[in-house]
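Let's take a walk through a protein model together. Keep the 3D view open and turn it as you read.

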Amino acid sequence: MAILEVKDIQKNFGATDVLRGIDFSLERGEVLSIIGSSGSGKTTLLRCLNFLETPSVGQIYVNGELLFDAKDPSTQREADIRKKRLHFGLVFQSFHLFPQYTALKNVMLARELLAQEQAGFRKNKAAILADIQEEAKALLDKVGLNDKMDAYPHQLSGGQQQRVAIARALALKPDVLCFDEPTSALDPEISGEVLQAIRRLASQNMTMIIVTHEMGFAREVSSRVIFMADGVIMEQGAPEALFGSPQTERLQSFLRAVL
């Protein structure tokens, strides 16, 4: 069973069709890269998956469960949205770290807030927070920041801040980890450290969707690549097929421009 199924997703902003009939599925442990020119709908698709935008048409399934149906208001209740977002970790272009907190606290915060809503938190507060802290430390170690746990965002490089953002997204144990151009806000000389952190996650079978302009990285890491243009999926397949033998003139033209 696919961990994620996206069926006929459409998104309109007024009279503008930003997404048109998006269909794809994702298997557990698969890395899906989405490429395409600016304005092709890539980021809007990620925002729909994370319920930051509401699709105009279509369905989203996670682990076979209907998470969203544009025709069914019961799947769109505001009270349920935050819970549904937990299925999708999202790493933005900008880091969005809290400047007043250390790297460790930034990673712990969302877990702490969720824990406070659970029955028995007050009674077991010390033990629960200790567990959350240990997991956060392990995640920072996982992204190569075990020596920066007590540093504040202004004391970190852009690449280090983005790796903290990755650890923060992992802390909620999402089914799918999503990246929206994770290196676009970084200088080229430090973007490599972020890409290396994502490579490690791929080698550990993390299920991921990566919107990226890094073509070499997409070719190397992806299980499958989607090429989007004008809000539709023009081509999708194994990276060696899309990059080696593009079938449409649109993809051929795009690759000539970026490679």
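Here is a short tour of a sheet, a few ring pairs and some individual residues.

## The sheet

First, keep in mind that this is a predicted model. A good place to start is an open sheet built from 4 strands, which come in the order β2-β1-β4-β5 with antiparallel pairing. Which strands stand at the edges? They are β2 (16-26) and β5 (65-69); each has a single partner strand, so one side of each is left without a neighbour in the sheet. If you look along the sheet, neighbouring strands are turned by 20 degrees against each other on average, direction ignored.

What holds such strands together? Strands of a sheet pair through backbone hydrogen bonds, either parallel or antiparallel.

## Following the bridges

Now zoom in on β4, which covers residues 57-62. On one side, 5 bridges join β1 to β4, and these two run antiparallel. On the other, β4 is joined to β5 by 4 bridges, again antiparallel.

Try finding Gln59, as this residue shows up in both pairings: Gln59 is the bridge partner of Lys7, and in β5 the bridge partner of Gln59 is Asp69. A bit further along, Val62 stands opposite Glu65 in β5. The hairpin of β4 and β5 has 2 residues between the strands, and in this hairpin Asn63 takes a positive phi near 55 degrees.

## A helix across the sheet

Next, look for helix α1, residues 42-49. This helix lies across β1 (4-13), β2 and β4. Against β2, helix α1 runs at about 65 degrees.

## Leu67 in the edge strand

Back to β5, where you'll find Leu67. Is Leu67 buried or exposed? With a relative accessible area of 2%, Leu67 is buried.

So who are the neighbours of Leu67? Not counting residues up to four places away in sequence, Leu67 touches Phe51, Ile60, Tyr61, Val62, Thr75, Lys84, His87 and Phe88. You can also check a distance here: the C-alpha atoms of Leu67 and Arg85 are separated by 10.0 Å, and the two residues are 18 residues apart along the chain.

## Rings that pair up

Time for some aromatic rings. The count comes to 3 aromatic pairs. One of them is Phe98 with Tyr101: the ring centres are 6.0 Å apart and the planes stand at 65 degrees, which is over 60, so the pair is edge-to-face. Both partners are partly exposed, Phe98 with a relative accessible area of 38% and Tyr101 at 28% relative accessibility.

Another pair is Phe227 with Phe254, whose ring centres are 5.3 Å apart. Their planes are at 35 degrees, so this pair is tilted. Where do the two rings come from? Phe227 lies in strand β9 (residues 224-229) and Phe254 in helix α9 (residues 249-258), so the pair ties together parts that are 27 residues apart in sequence. Phe227 counts as buried at 2% relative accessibility, and Phe254 is buried too, with a relative accessible area of 10%.

Rings can have charged company as well. Look at Phe13: the charged end of Lys11 sits over the ring of Phe13, 4.9 Å from its centre.

## Two buried loop residues

Finally, visit a couple of loops. Glu30 has its place in the loop between β2 and β3 (31-35), and at 12% relative accessibility Glu30 counts as buried, because the cut-off for buried is under 20%. Which side chain does the side chain of Glu30 meet in a polar contact of 2.9 Å? The partner is Arg224. Leaving aside neighbours within four places in sequence, Glu30 is in contact with Ser25, Met206, Thr207, Met208, Ser223 and Arg224.

The other loop runs between β7 (176-180) and α6 (188-203), and Thr183 has its place there. Thr183 counts as buried, at 4% relative accessibility. Not counting residues up to four places away in sequence, Thr183 touches Ser191, Val194, Leu195, His213 and Glu214.

Methods
Residues numbered from 1 in each chain as written. Predicted model: local features only at pLDDT ≥ 70, side-chain atom pairs only at ≥ 80, totals over all residues. Heavy atoms only, no water. Pairing = 2+ DSSP bridges. Axes fitted to C-alpha atoms, helices over the stretch in contact; angles between N-to-C directions. Contact = heavy atoms within 4.5 Å. Phe/Tyr/Trp six-rings, centres within 6.5 Å; stacked < 30°, edge-to-face > 60°. Buried < 20%, exposed > 50% of the residue type's maximum accessible area, 1.4 Å probe, protein only. Lys NZ or Arg CZ within 6 Å of the ring centre and 35° of its normal. Polar contact = N/O pair within 3.5 Å; in protein donor to acceptor, adjacent residues only side chain to side chain.
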